[in-house]
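The following paragraphs lead through the domains, the helix packing and the ligand surroundings of one protein chain. Please keep the sequence and the coordinates at hand while reading.

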Amino acid sequence: MLDDRLQAVADFVQDDSSVADIGTDHGYLAIELFKTNNARRVIAADLNAGPCQAARRTISEAGFSDSIEVRQGDGLAAINPGEVDTVCIAGMGGKLEADILEVRPEVTARLQCLVLQPQNGFEYLRGWIYDHNWHIEDEKLAKVEGRVYQIIKATQGKKEPLTEAELILGPILIKKRPALFADHVQNNIEQLDKIRQGLRKGGSHTRDKLAEIERRIKLLEAYL
Ligand SMILES: C[S@@+](CC[C@H](N)C(=O)[O-])C[C@H]1O[C@@H](n2cnc3c(N)ncnc32)[C@H](O)[C@@H]1O
């Protein structure tokens, strides 16, 4: 059984998809996609040999070695253009997730759906999505061991750019205000507050940066 974070990723993958789990590590998500989402095809890919070995072992123990292919490769280099319609990238930094999509445009252009769970760099990743003619169709929050995670489902098509608050907090999360939304806003404020504390110790040359962080904190406080 998946934890709430990976379950939220799996929930965003449509039944009957053909899907690649990039950075599969243990392979749990890939197995769930095959077993429960009735995926037509699942490729579990990872940059490193150790995780590929671990995924092969878990997949074999689950009895799906004939159905789920494990490939070692850097991001979408493990996937041929048009081979899958959906890509999941979970548990990495938002910048790395965007870079993985950016460096293989021939693969990304043939995808219909991205399911992304960034650990940080949310603003960058959402900006990348809108700058590259994708848009966010849905978003979820999931809490595991006290930490709130953001899960983003994006599909192709150009839409209006996001506002600053939408880039940080998520356009659908702002609209839907799910149960964990207050925790999510509070976490973002706490991270900015840590930066603020550091800048306050920095003296007068950090004044502009401090003013910018305080402006952002005010912006987010309006969503509490
Ligand atoms: C923190 S684990 C996340 C595992 C799983 N996706 C999850 O969310 O539980 C990150 C995994 O991504 C892999 N990884 C890092 N950079 C990668 C890249 N450029 N391409 C493919 N996999 C990568 C690492 O080897 C590691 O197994």
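In this predicted model, the C-alpha centres of domain 1 and domain 2 are separated by 32 Å. The domain assignment of the protein chain places domain 1 at residues 4-163 and domain 2 at residues 184-221.

Three helix pairs may now be considered in turn. Two packed helices are described by the angle between their axes and the distance between the axes.

The first pair to examine consists of helix α1, residues 4-11, and helix α2, residues 28-35, whose axes are 10 Å apart and form an angle of about 45 degrees. An angle of that value makes α1 oblique to α2, because it falls neither under 35 degrees, the bound for roughly parallel, nor within the 65 to 115 range for roughly perpendicular. The crossing of α1 past α2 is right-handed. On the α1 side, the contact is formed by Leu6, Val9 and Ala10, which meet Tyr28, Leu29, Glu32 and Leu33 of α2. These residues comprise 6 nonpolar and 1 charged, with no polar residue in the contact of α1 with α2.

A second pair is formed by helix α4, residues 94-102, and helix α6, residues 122-131; their axes come within 7 Å and cross at roughly 25 degrees. The two helices α4 and α6 are therefore roughly parallel to each other. From α4, the residues Gly94, Lys95, Glu97 and Ala98 meet Phe122, Tyr124, Leu125 and Trp128 of α6. The contact of α4 with α6 contains 5 nonpolar, 1 polar and 2 charged residues.

The third pair joins helix α9, residues 181-200, to helix α10, residues 207-221. How do the axes of α9 and α10 lie with respect to each other? They come within 10 Å and cross at roughly 160 degrees, and α9 and α10 are therefore roughly antiparallel to each other. Their crossing is left-handed. Among the α9 residues in this contact are Val185, Ile189, Leu192, Arg196 and Arg200, while those of α10 include Leu210, Ile213, Glu214, Ile217 and Glu221. By class, the contact of α9 with α10 has 9 nonpolar, 1 polar and 7 charged residues.

Attention can finally turn to the ligand. Which residues come nearest to the ligand? Of the 15 residues around the ligand, these are Gly23, Asp25, Leu47, Ala90 and Gly91. Strand β4, residues 86-92, gives the most to this shell, contributing 3 residues. The shell around the ligand divides by class into 7 nonpolar, 5 polar and 3 charged residues.

Note on methods:
Residues are numbered from 1 along each chain as its sequence is written. This is a predicted model: local features need pLDDT of at least 70, side-chain atom pairs count only at pLDDT 80 or more; totals for chains, interfaces and linings use all residues. Axes are lines fitted to C-alpha atoms, for helices over the stretch in contact, and angles run from 0 to 180 degrees between N-to-C directions. Helices (H or I, at least four residues) and strands (E, at least two) are DSSP runs, numbered from the N terminus. Angles under 35 degrees count as roughly parallel, over 145 as roughly antiparallel, 65 to 115 as roughly perpendicular and the rest as oblique. A crossing is left-handed if the near helix is turned anticlockwise from the far one by less than a right angle, and right-handed if clockwise. Two residues are in contact if their C-beta atoms, placed from the backbone, lie within 7 Å. Ala, Val, Leu, Ile, Met, Phe, Trp, Tyr, Cys and Pro count as nonpolar, Asp, Glu, Lys and Arg as charged, and the others, Gly among them, as polar. A residue is near a molecule or strand if its C-beta atom, placed from the backbone, lies within 6 Å of it. Domain bounds come from an automatic or database domain assignment.
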